[in-house]
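Subject: The structure for you to look at

Hi,

Here is the structure I promised to pass on. Have it open while you read, and I'll walk you through what turned up.

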Amino acid sequence: MRFTANAAIVSAILSVGLATGADALADSCWNHNGSLMRLQAEGNQRWLSYEIPRPVLANAGVQPGTLLFNGIKNGNWYSGTARVFSKYCPGTPLEYLVEGPVREDQLQVTVHGTREVYNRCQPTGRFTTDTLVFTYSHRC
């Protein structure tokens with residue numbers, strides 16, 4: 001059992017790009033808000049896309065492979081672009097900037113960003129702050 005836990009931690013560390021002496025190239029699965037996400041990494045570039053979206057997201061045009069986040073990892077910090085999806089404008093996600101830390105054990109990434117609130121695809125002039133939490137699940 002101890003070996004399995006250590007292997008999972010090593011796998012997670014490699015997937016968030018802490019391999020020393022070389023660019024990271026990784027593929028791992030993470031839980032986010034009821035969906036299974038795929039984290040892909042190449043060097044400091046990061047992409048998080050839906051592997052198994054939660055069912056309600058289908059109405060917003062989300063399917064396996066839909067990109068939720070793209071950006072970079074600098075040390076233990078992610079920054080980039082996130083997307084929010086709506087059933088009222090499927091296929092046209094709202095993009096906004098996010099950033100945040102990688103937890104010390106490398107098994108969780110939390111990013112925050114402020115975006116405009118839309119009502120049926122129309123801007124409202126109001127803003128909200130979103131928090132996206134990704135928790136390591138397994139090697140994909």
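**What I found**

Asp-105 is partly exposed, with a relative accessible area of 35%. Its partner is Arg-103: the two side chains meet in a salt bridge, 2.9 Å from N to O. Arg-103 is partly exposed too, at 36% relative accessible area. If salt bridges are new to you, the basic idea is that side chains of opposite charge can pair when their charged atoms come close.

Before going further, keep in mind that this is a predicted model.

**The overall layout**

The protein has 1 helix and 8 strands. Follow the sequence from start to end and you read the pattern α-β-β-β-β-β-β-β-β. There are 140 residues, and 39% of them are buried. The accessible surface comes to about 7900 Å², with 53% of that belonging to carbon and sulfur atoms. As for contacts, take those between residues at least 6 apart in sequence: 37% of them join residues at least 24 apart.

**More salt bridges**

How many salt bridges does a search of the whole structure find? It finds 5. You've already met Asp-105 with Arg-103, so here are some others.

Arg-38 forms a salt bridge with Asp-27, and their closest N and O atoms are 2.5 Å apart. This pair links distant parts of the chain, since Arg-38 sits in strand E2 (residues 35-42) and Asp-27 in strand E1 (residues 25-32), 11 residues apart. Is Arg-38 buried or exposed? It counts as buried, because its relative accessibility is 18% and the cut-off for buried is under 20%. Asp-27, at 24% relative accessibility, counts as partly exposed. There is a third member to look for as well: Asp-27, Arg-38 and Glu-51 are linked in a network of salt bridges.

Then there is Asp-130, which forms a salt bridge with Arg-115, again with a value of 2.5 Å between the closest N and O atoms. Here the link runs between strand E8 (residues 122-139), which holds Asp-130, and strand E7 (residues 108-119), which holds Arg-115; the two are 15 residues apart. Asp-130 and Arg-115 are both buried.

**How some of the strands pair**

Start with strand E4 (residues 67-74). E4 and E5 pair in the antiparallel sense over 6 bridges. To see one of these bridges, click on Ile-72, whose partner in E5 is Ser-79. E4 and E5 form a hairpin with 2 residues between the strands, and there Gly-75 takes a positive phi near 65°.

Now move one strand along. E5 and E6 are also antiparallel, pairing over 8 bridges. Ser-79 turns up again here, with Glu-99 as its bridge partner in E6. Another spot to check is Ala-82, which stands opposite Tyr-96 in E6.

What are the two faces of E6? Leu-94, Tyr-96, Val-98 and Gly-100 make up the covered face, while Glu-95, Leu-97, Glu-99 and Pro-101 make up the uncovered one. Colour the two sets in your viewer and compare them.

**Aromatic pairs**

The count of aromatic pairs comes to 3. One of them is Tyr-50 with Phe-85, an edge-to-face pair at 6.1 Å centre to centre, with 75° between the planes. Tyr-50 lies in strand E3 (residues 45-52), and Phe-85 in the loop between strand E5 (77-84) and strand E6 (94-101), so the pair ties together parts that are 35 residues apart in sequence. Both rings belong to buried residues: Tyr-50 has a relative accessible area of 5%, and Phe-85 one of 18%.

**One last residue**

Have a look at Thr-110, which is found in strand E7. Thr-110 is buried, with a relative accessible area of 16%. Which residues is Thr-110 in contact with, leaving aside its neighbours within four places in sequence? They are Glu-99, Gly-100, Pro-101, Thr-131, Leu-132 and Val-133. You may recognise some of these: Glu-99, Gly-100 and Pro-101 appeared above among the residues of the E6 faces.

Shout if you get stuck finding any of this in the viewer.

Cheers

Methods:
Residues numbered from 1 in each chain as written. Predicted model: local features only at pLDDT ≥ 70, side-chain atom pairs only at ≥ 80, totals over all residues. Heavy atoms only, no water. Phe/Tyr/Trp six-rings, centres within 6.5 Å; stacked < 30°, edge-to-face > 60°. Helix = DSSP H or I, 4+ residues; strand = E, 2+ residues; numbered from the N terminus. Buried < 20%, exposed > 50% of the residue type's maximum accessible area, 1.4 Å probe, protein only. Contact = heavy atoms within 4.5 Å. Areas by Shrake-Rupley, 256 points an atom, 1.4 Å probe, with all protein chains shown as cover. Pairing = 2+ DSSP bridges. Salt bridge = Lys/Arg side-chain N within 4 Å of Asp/Glu carboxyl O.
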